[in-house]
Amino acid sequence: MTKNIFVTIAGRANAGKSSLLNALVGEKIAAVSDKPQTTRTKITGVLTKGETQFVFMDTPGMHKAKNKLSEHMVNTVNETITGVDMIILMCDCTKKISDNEKSLIASFKGGKSKVILALNKIDLLDNKEDVIAKLAEYSALYDFAEVVPISVVQNDGLDIIMDILEKNAAEGPHFFPDDKFTDQPEKVIMAEIIREKALRNLNDEVPHGVAVTIEQLGEREDRSGEAILDITATIFCERESHKGIIIGKGGSMLRKIGQDARADLEDFFQIKVNLQCWVKVKEGWRNREGMIKNFGLS
């Protein structure tokens, strides 16, 4: 008997949602950085264990919209928490409960989805009493089906989450091939890997206005017969001054982004990669519906 369960991972920015998705699926399919709003759209991860298929949907961090792109991000969160079997609310135990979190929790009320509270980063708290106090704060806001203290970086508590999901899976078909772990096209995965490396290497001012597209993609053999994947990517930014920062002195920053991305691309696709990155300016693209759509963010 085959079973399935659809699960949305939601919460504030930098709570560890994408890290949880990657950990549960066992593949790095979502970009991870310490910059807010790293995740811009819904990312689906799939894990098939025996007869049960788990479908996870990572969402952008809940925030107050400031431009058309962030409006799309907030809408994505609201749409993705509707009609799923379970919601994992990812919370950062080192932070105070925010107004955005309270608004998100309020949106659960009246819905049919069961909600798991996953209190992340417990490894950063000094004692169990602090964890218990934080769990009590959140539990006062909503009647969660389960509350689970976890640490994604230490792989602590993730087995408990999987056990809960397994128990709540319902009889039904597998909607994805059993060996598939995401619905993201290869070009989207490539672009996200490159954007992640830009986020990790650039200062706080630049990353929010960065988008990446894959312009050319092809496979060939070198003289020794080894397969090589040729990738040409464009990194878009909103200002000429940002373009200079991304390129860096003598091209140093762009090389560093490219080197870091190439290593992850080769690890993910298990093939030697030749990556060429270019930088272009598209002023104010986060407020331009056409550009947001072109970047696959709406």
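## Overall fold

The chain contains nine helices and 10 strands. Its radius of gyration is 20 Å, close to the 19 Å that the globule rule gives for 298 residues, so the chain is as compact as a globular protein of that length. The model described here is a predicted one.

Taken along the principal axes, the box filled by the C-alpha atoms is roughly 55 × 45 × 40 Å. Among contacts between residues at least 6 apart in sequence, 70% join residues that are at least 24 apart.

## Burial, surface and charge

Of the 298 residues, 51% count as buried. The accessible surface of the chain comes to about 14,500 Å², and carbon and sulfur atoms account for 47% of that surface.

The chain carries 40 positive and 44 negative charges. The mean position of the positive charges lies 7 Å from that of the negative charges.

## Strand S1 and its partners

Strand S1 spans residues 3-11 and is mostly covered, with eight of its nine residues buried. Pairing of S1 is described here with three strands, namely S3, S4 and S7.

Two of these pairings are in the parallel sense. With strand S3 (residues 52-58), S1 forms seven bridges; within this pairing, Asn4 has Gln53 of S3 as its bridge partner. With strand S4 (residues 86-92), S1 forms five bridges, and here Val7 is matched with Met86 of S4.

The pairing with strand S7 (residues 170-171) runs in the antiparallel sense and comprises two bridges. In this pairing, Lys3 stands opposite Glu171 of S7.

## A buried lysine in helix H4

Helix H4 covers residues 128-139 and includes Lys134. The relative accessible area of Lys134 is 9%. A residue counts as buried when this value is under 20%, and Lys134 is therefore classed as buried.

Which residues does Lys134 touch, not counting those up to four places away in sequence? They are Cys93, Lys95, Lys96 and Leu119. Two of these contacts of Lys134 are thus with other lysines, Lys95 and Lys96.

## Summary

The predicted model shows a chain of nine helices and 10 strands, in which 51% of the residues are buried. Strand S1, mostly covered, pairs in the parallel sense with S3 and S4 and in the antiparallel sense with S7. In helix H4, Lys134 is buried and is in contact with residues including Cys93 and Leu119.

Methods:
Residues numbered from 1 in each chain as written. Predicted model: local features only at pLDDT ≥ 70, side-chain atom pairs only at ≥ 80, totals over all residues. Heavy atoms only, no water. Helix = DSSP H or I, 4+ residues; strand = E, 2+ residues; numbered from the N terminus. Rg over C-alpha atoms; globule rule 2.2 N^0.38 Å. Buried < 20%, exposed > 50% of the residue type's maximum accessible area, 1.4 Å probe, protein only. Contact = heavy atoms within 4.5 Å. Areas by Shrake-Rupley, 256 points an atom, 1.4 Å probe, with all protein chains shown as cover. Lys, Arg positive; Asp, Glu negative; His and termini not counted. Charge placed at Lys NZ, Arg CZ, Asp CG, Glu CD. Pairing = 2+ DSSP bridges.
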